[in-house]
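Please walk me through this protein model, starting with its sheets and ending with the residues packed inside.

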Amino acid sequence: MVFPEEFREGARNAVVTCLRVKPLEKVTVIADESTLTIAAAIAAELEQVGCRWNAFVLEELAERPLKEMPREVLDDMESSEVSIFAVQVQPNELQSRMQMTDVVNRRHMRHAHMVNITPEVMVEGMRADFNAVDRLSQVVLDKVRAASYVRATTPAGTDIRAELNPNYKWFKTSGIISTEKWGNLPGGECFTAPGEVNGVFVVDGVVGDFLCARYGLLQATPLTIHISRNRITSVECENKELEREFWAYTHTDENSDRVGEFAIGTNIGVERVIGNILQDEKFPGIHIAFGDPYGGHTGAPWKSTTHIDVVGLEFNIWLGGVNGEEQIMRDGKFLIHG
């Protein structure tokens, strides 16, 4: 299938730099009708490597939104070392994606999660120098693992403090993907499940999941989220439809309103938010997610059927510990280097 030439660099980054696919390996590629040209660019790079690969288009196997990941996909993954999921997600498909990542986790596969990948992301975030992003991410990871809390503010009004639980693990997903933890592409973040978050988070970037495509950039109508003891207590937004939808989504189950992820974006190749959570959550700064804490990795002992990220802009970030506070970001720019 013909694909735009400008996709080639991002596809090569995914296959060669990030996943490090080898000729003797097998790869499962999962796409949908809206991402066929992106999948074709990835397939062309797999051909260049000389590995075996199988590709699946979801609409050819099941109705969307998916209730379950098609058995053909899951069965093929059982004999692959690597999988690539490049799909535009639809509402209420998280469970099917979790079925896929369950296989990834059990088999310790290298998995690229390219949820809501678009042509724009292929020619922006996917062209980052992921080796440089990895070096910065490692410096951030070393510092946050030694911290007991993170404090952050933004000009829009964010003022939060996250107490860190030493029993919960930090991970980097820098774009360099290993068998330890599958990662989103484009990569560039360090994340954990927080011990407890309190304060106000103003979302003047984007919200995640299917709401991202619906509402896009929020700088003109920010969503203000009040958090107490890790739970949402109230939300405010001039866009009342967004306010209602976000509140409903974060009250799907008993833990949907609970901060499950606390993360620092480290993709220094991303210069702006574009209204796509896949790339925007890697934008340098802080993002948090309400819902599932990825307990299989972080060690958090609770679960949720939902997970929705929120992104703010122009962060000031301080890490606190036994030796006092260290500021690692000012006005959205890192003060540390990899």
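The paragraphs below take the two sheets in turn, then a helix, then the cores.

The model is predicted, not experimental. One of its sheets is open and has five strands in the order 2-1-3-4-8, paired in parallel. Strand 2 (52–57) and strand 8 (183–184) are at the edges; each has a single partner strand, so one side of each has no neighbour in the sheet. Strand 1 (residues 26–31) runs parallel to strand 2, and six bridges join them. Within strand 2, Arg52 is the residue opposite Lys26.

Two helices can be placed against this parallel sheet. Helix 2 (residues 36–49) packs on it and touches strand 1, strand 2, strand 3 (82–87) and strand 4 (110–115). The direction of helix 2 makes about 175 degrees with that of strand 2. Helix 4 (residues 94–107) also packs on the sheet, where it touches strand 1, strand 3 and strand 4. Its direction makes about 160 degrees with that of strand 4.

The other sheet to follow is antiparallel. Five strands make up this open sheet, in the order 7-9-13-14-15. Its edges are strand 7 (171–173) and strand 15 (307–311), each with a single partner strand, so one side of each is left without a neighbour in the sheet. On average, neighbouring strands are turned by 25 degrees against each other, direction ignored. Strand 7 is joined to strand 9 (residues 189–192) by three bridges, and the two run antiparallel. Lys172 has Cys190 of strand 9 as its bridge partner.

Helix 6 packs on this antiparallel sheet and touches strand 7, strand 9 and strand 13 (259–265). The angle between the directions of helix 6 and strand 7 is about 165 degrees. At the N-terminal end, helix 6 is capped by Asp129, which has a side-chain oxygen 3.2 Å from the backbone nitrogen of Asn131. The length of helix 6 can be checked: at 1.5 Å a residue its 17 residues should span 24 Å, and this agrees with the 24 Å between its end C-alpha atoms.

Which residues of helix 6 are buried? They are Phe130, Ala132, Val133, Asp134, Leu136, Ser137, Val140, Leu141 and Val144. An α-helix has 3.6 residues a turn, so residues three or four places apart point the same way. The buried residues of helix 6 pack against helix 1 (8–18), strand 7, strand 9, strand 13, strand 16 (316–321) and strand 18 (333–334).

Further along the antiparallel sheet is strand 14 (residues 285–291). Seven of its seven residues are buried, so strand 14 is largely enclosed by the rest of the structure. Six bridges connect strand 14 to strand 13, and five connect strand 14 to strand 15; both pairs run antiparallel. Phe290 of strand 14 stands opposite Val259 and also opposite Ile308 in strand 15.

Phe290 appears again in the largest nonpolar core, which has 44 residues. Ile225, Phe246, Ile286 and Phe290 touch the most other members of this core. Helix 6 (residues 130–146) gives the most to the core, with four residues. A second, separate core of 34 residues includes Val29, Val49, Val82 and Met114.

What does Ile225 contact, leaving aside its neighbours within four places in sequence? Its contacts are Gly199, Val200, Phe201, Val203, Ile232, Ser234, Val235, Phe246, Phe290 and Val310.

Notes
Residues are numbered from 1 along each chain as its sequence is written. This is a predicted model: local features need pLDDT of at least 70, side-chain atom pairs count only at pLDDT 80 or more; totals for chains, interfaces and linings use all residues. Side-chain values use heavy atoms; hydrogens and water are left out. A nonpolar core is a set of buried Ala, Val, Leu, Ile, Met, Phe, Trp, Tyr and Cys residues joined through side-chain atoms within 4.5 Å. Buried means under 20% relative accessible area, exposed over 50%, partly exposed in between (1.4 Å probe, protein chains only). Contact means heavy atoms within 4.5 Å. Two strands pair if DSSP finds at least two bridges between them. Axes are lines fitted to C-alpha atoms, for helices over the stretch in contact, and angles run from 0 to 180 degrees between N-to-C directions. The expected span of a helix is 1.5 Å times one less than its number of residues. A polar contact is a pair of N or O atoms within 3.5 Å; within protein, one must be able to donate a hydrogen and the other to accept it, and residues adjacent in sequence count only if both atoms are side-chain atoms.
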